[in-house]
Amino acid sequence: MRRLLEFLRRLRRAAGSPPLLKRPAVPARRRYTIPTSCFGAIPKGKGYALFPGRPFHTFPGIALVLALTSSAIAGDLQPAGLTTVRSDLNAKDQARVTAVTRPTTDFSRPEPFELMQGGAGTSEKDVGRDAFSQSSANLTFEEEGTFKLGNALFRKNWVSSPSSTQASDGLGPLFNERACQNCHLKDGRGRPPQGDAGTTSMFLRLAREASSAEEKAAIAGHRLLNFPDPVYGAQLQELAVPGLRGEGRMHVDYQERKVELTDGAVVFLRKPSYSVTELGYGPLDTRTTLSPRLTPPMIGLGLIEQIAPADILAHADPDDRDGGGISGKPNIVRDSHSGELTLGRFGWKAQTALIRQQAADAFAGDIGISTPEEPKHWGDCTAAEAKCLAMPNGVQARLGQVEAPSPVMDLVIFYSQNLAVPARRDLAAPDVLAGKKVFYEIGCASCHTPKFVTRRDAPNKAQAFQLIWPYSDFLLHDMGPDLADGQSVGDATGSEWRTPPLWGIGLTQTVNGNSFFLHDGRARSLTEAILWHGGEAQSARDRFAAANAGERDALVKFLESL
């Protein structure tokens, strides 16, 4: 609590706002009990955006660290996106939200509306390879057409300049893929390289930490996240347009590690190490770190974007004041459009605040396409790559000053915001309910927060006031040395990662034909992924390893139902 208050004070001093006055200390933990009378009448039908009109079990609430400080900072100017109190709810609705998002203690049956884990937009279509490619079920007829146009642009293959095609050139000159869909396979997750075949759905981030006083000040002031390699830029591009050489190739070596569980079962893990071969423009800087990033699933992004910052910040506890061993923290970033400080919630290190910025970064870094948000006509080419910068770009003055102008971006963003979360499967099965109980008891829910209610004032009604079940707190957690990449990104250290959402994780094999998990795909099953957890998740991992085979299998069944 003390560090969080001091952090907010520093933000205000940096912005020229009046300092926070010290207030008496607030107790670290409280119990929150919401009476049944706080729930309003619930209409019949598919009210997935509403809350069940029945009593919920009460129990010790998660330490709402920043929420408890709201009285201490009332009336003081909050940085944009960092408010600690929801402004979109009245007192009655806030009480309902608090009650409905309280984790359950009843594992004898599914919770109300648990089937529809993406709220009213949940897809109930038959599960298949296109399970992650469905539109939000609550879109209007007109919005459905907009979604389809966005889908076409998401799948569009860009070509090099100059080209006879209209508004499709501008690829690269250095790039990782030609289309968004080619990295986000079937709108799902990527896969690590297979032998010498290379990869199109996992890439290497290139960055170093600050070294000078000026660089450290830039990081502390949230003006930069880190510093790219001086020659190869922010990420390695393996491909290039005709007449240009790619930057190099990612190479992965695996060492097998044997893990024996308490009951004698044996699991083999594979520990990866990364290097770059066939470097095209000289050596990497000796300070540059390599961080592999697997492309994540696209489902539910619009819902995540509309989770109130206060509800995410409420779970932050960087000093572990409650003694639970979990000390999640936010990655505070600067909104590239407004310049205001806000909450990062997308990306493996929560380094991006908005879907639009995430898409613009991907257009520039992965495909080499300029947008109004990132007008980089030559993508990630650096001054040291002179031949790349001498290549023609795809800007057509009659269409705008960038290769993917605002109408294109608007459609791609709408598509990205409205890829539906699939409905749960088998959630009432006894082994799934038993696995859900194990999930809570061993501590998984401490980081994988089950549910939120999105903002009532969301710009699109499809995402407004929805009860959703992402199973993530969207905060940074130290995951220990085994998963560390040594690369700092803003407030995220080299061993910290954002808790990834779990919804849809059980359909990975169905959609993508593989079961590669974690940021680099090293885990080939959910069991392996759990056993790689360390740091703040070490105790949960150890409890899983100490459980009997039936309990472990039940937990995996629960995850597969998400």
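# Exercises on a predicted model

In this predicted model, the sulfur of Cys444 has its closest cysteine sulfur in Cys447, at 9.0 Å.

**Exercise 1. Explain why the sulfur of Cys444 forms no bond with the closest cysteine sulfur.**

Step 1. A disulfide needs two cysteine sulfur atoms within 2.5 Å.
Step 2. The sulfur of Cys444 is 9.0 Å from that of Cys447, so the gap is too far for a bond.
Step 3. Cys444 nevertheless counts as buried, because its relative accessibility is 15% and the cut-off for buried is under 20%.

**Exercise 2. Apply the reasoning to Cys183: which cysteine has the closest sulfur, and why is there no bond?**

Step 1. The closest cysteine sulfur to that of Cys183 belongs to Cys180.
Step 2. The separation is 8.0 Å, and therefore too far for a bond.
Step 3. Cys183 has 6% relative accessibility, so this residue is classed as buried.

**Exercise 3. State how many disulfides the structure holds, and find which cysteines are joined.**

Step 1. The count is one disulfide.
Step 2. The bond runs between Cys381 and Cys388, with an S to S distance of 1.7 Å.
Step 3. Both Cys381 and Cys388 are buried.

**Exercise 4. Describe how helices α9 and α11 meet.**

Step 1. Helix α9 covers residues 355–367 and helix α11 covers residues 406–417.
Step 2. Their axes come within 10 Å and cross at roughly 115°.
Step 3. The crossing of α9 past α11 is right-handed.
Step 4. On the α9 side, the contact is made by Ile355, Arg356, Ala359, Ala360 and Phe363. On the α11 side, Met409, Asp410, Val412, Ile413, Ser416 and Gln417 take part.
Step 5. Sorted by class, this contact of α9 with α11 has seven nonpolar, two polar and two charged residues.

**Exercise 5. Is Ala310 buried or exposed, and which residues beyond its sequence neighbours does Ala310 contact?**

Step 1. Ala310 sits in helix α8, residues 309–313.
Step 2. Ala310 counts as buried because its relative accessibility is 6%.
Step 3. Setting aside neighbours within four places in sequence, the contacts of Ala310 are Thr83, Thr84, Val85 and Arg86.
Step 4. Thr83 is 227 residues from Ala310 in sequence, yet the C-alpha to C-alpha distance is 5.8 Å.

**Exercise 6. Locate the cis peptide bonds that precede Pro162 and Pro173.**

Step 1. Ser161 and Pro162 are joined by a cis peptide bond with omega about -10°.
Step 2. Gly172 and Pro173 are also joined by a cis peptide bond, here with omega about 10°.
Step 3. Pro162 lies in the loop between α4 (141–155) and β1 (174–175). Pro173 likewise lies in the loop between α4 and β1.

**Exercise 7. Give the phi values of Asp187 and His222, and say whether each residue is buried or exposed.**

Step 1. Asp187, in the loop between α5 (180–183) and β2 (202–207), has phi near 65°, a positive value in a residue other than glycine.
Step 2. Asp187 is buried, with a relative accessible area of 0%.
Step 3. His222, in the loop between α6 (213–220) and β3 (239–240), has a positive phi near 60°.
Step 4. His222 is buried, with a relative accessible area of 9%.

**Exercise 8. Report the confidence of the model for the protein chain and for residues 1–77.**

Step 1. The protein chain has an average pLDDT of 87, and 85% of the residues score at least 70.
Step 2. Over residues 1–77, pLDDT stays under 50.

Definitions and conventions
Residues numbered from 1 in each chain as written. Predicted model: local features only at pLDDT ≥ 70, side-chain atom pairs only at ≥ 80, totals over all residues. Heavy atoms only, no water. Axes fitted to C-alpha atoms, helices over the stretch in contact; angles between N-to-C directions. Helix = DSSP H or I, 4+ residues; strand = E, 2+ residues; numbered from the N terminus. Left-handed = near helix turned anticlockwise from the far one by under 90°. Contact = heavy atoms within 4.5 Å. Nonpolar A, V, L, I, M, F, W, Y, C, P; charged D, E, K, R; others polar. pLDDT = per-residue confidence, 0-100. Buried < 20%, exposed > 50% of the residue type's maximum accessible area, 1.4 Å probe, protein only.
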